[in-house]
Amino acid sequence: MLPINYYLGLAIILFIIGSLGVLIRRNAIVIFMSIELMLNAANLAFVAYARYWQAMRGQIFVFFIMTVAAAEVAIGLALIVTIFRTKDSIDVDQINTLKG
Amino acid sequence: MTLQLLLFLILALVAIASALGMLISRNAIYSALFLVMNFMTIAIFFLLLDAPFIAVAQVSVYTGAIMVLFLFVIMLLGAERAAGQTQAIQWQRPLAVALAVILLLEAVYILLGQRGVTPLVTGPLPQGFGSPASVGTNLFSNYLLPFEITSVLLLVAMIGAIVLTKSEKK
């Protein structure tokens, strides 16, 4: 196995790209995809540590994270569809009805 | 060992390039396809890390189910280019890039500070490490309660999606 630093570095870079996507993109669907990328970076770190400690716990947690991600995507995309129906746009800057 | 390192470097390059492609593409469909590519490379990393079951689950759940759902919604809404270039907050983009660079530098500093970390537990892997059998045994013995809670979570997500997208009665 390669040193765990390599995998952690890759996971950190992917996580940073994901957080950058959340901050600079205005398309709600792309923001959601960036969140998925961050979850995947966390999964990579979990699996790398599971191999490092030779324990199955990390892999089980990845399994649960995948389930939560699936549930989150189902709800999030339903919300986006509903917002698109009422506002006719998924630009997050347009969703400012509650702004004072 | 060097072959493994070469494979890792090539795959890491592909993963980072596809993530950046996801970030930069103007068209949301291209973003989704770049993300599929990224998830596939991460599945190969899982294989390299002796997690075959998680790798297969990654391919079938993430690239199979979740990204198809994304593509379906993008095409349903016709929202490939929905978001405009206008930024409501002018300084948001440069600030975001600056903060990302700072975070990256911190991470590099921390990772280089502990150079040469060797595997803590050396020696051969336990029999069947990461196999479907060991994942299943763990899920249904040590992690039975979280597993059941997850099924309730999925049920709630399903009901929530149906209720949210139901057309309102007059």
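I started today with B:Asp50, which is partly exposed, with a relative accessible area of 27%. I placed B:Asp50 in the loop between helix 2 and helix 3 (52-77) of chain B. Its backbone caught my eye: B:Asp50 has a positive phi of about 60°, although this residue is not a glycine. A reminder to myself: this is a predicted model.

Next I turned to chain A and looked up A:Asp88. Here too I found a non-glycine residue with a positive phi, about 60° for A:Asp88. A:Asp88 sits in the segment that follows helix 3 (57-87) of chain A. Is A:Asp88 buried or exposed? I noted a relative accessible area of 60% for A:Asp88, so this residue is exposed, the cut-off being over 50%.

Then I went on to the helix pair. I checked helix 2 (residues 28-53) of chain A against helix 2 (residues 28-48) of chain B: their axes come within 11 Å and cross at roughly 5°. That crossing angle makes the two helices roughly parallel, because angles under 35 degrees count as such.

I also listed who makes the contact. From helix 2 of chain A, I wrote down A:Val30, A:Met33, A:Glu36, A:Leu37, A:Asn40, A:Asn43, A:Leu44 and A:Val47. Helix 2 of chain B brings B:Ala28, B:Ser31, B:Ala32, B:Leu35, B:Asn38, B:Phe39, B:Ile42, B:Phe45 and B:Phe46. Sorted by class, I have 12 nonpolar, four polar and one charged residues in this contact.

How values were computed. Residues are numbered from 1 along each chain as its sequence is written. Chains are lettered from A and ligands numbered from 1 in the order in which they are written. This is a predicted model: local features need pLDDT of at least 70, side-chain atom pairs count only at pLDDT 80 or more; totals for chains, interfaces and linings use all residues. Side-chain values use heavy atoms; hydrogens and water are left out. Axes are lines fitted to C-alpha atoms, for helices over the stretch in contact, and angles run from 0 to 180 degrees between N-to-C directions. Helices (H or I, at least four residues) and strands (E, at least two) are DSSP runs, numbered from the N terminus. Angles under 35 degrees count as roughly parallel, over 145 as roughly antiparallel, 65 to 115 as roughly perpendicular and the rest as oblique. Contact means heavy atoms within 4.5 Å. Ala, Val, Leu, Ile, Met, Phe, Trp, Tyr, Cys and Pro count as nonpolar, Asp, Glu, Lys and Arg as charged, and the others, Gly among them, as polar. Buried means under 20% relative accessible area, exposed over 50%, partly exposed in between (1.4 Å probe, protein chains only).
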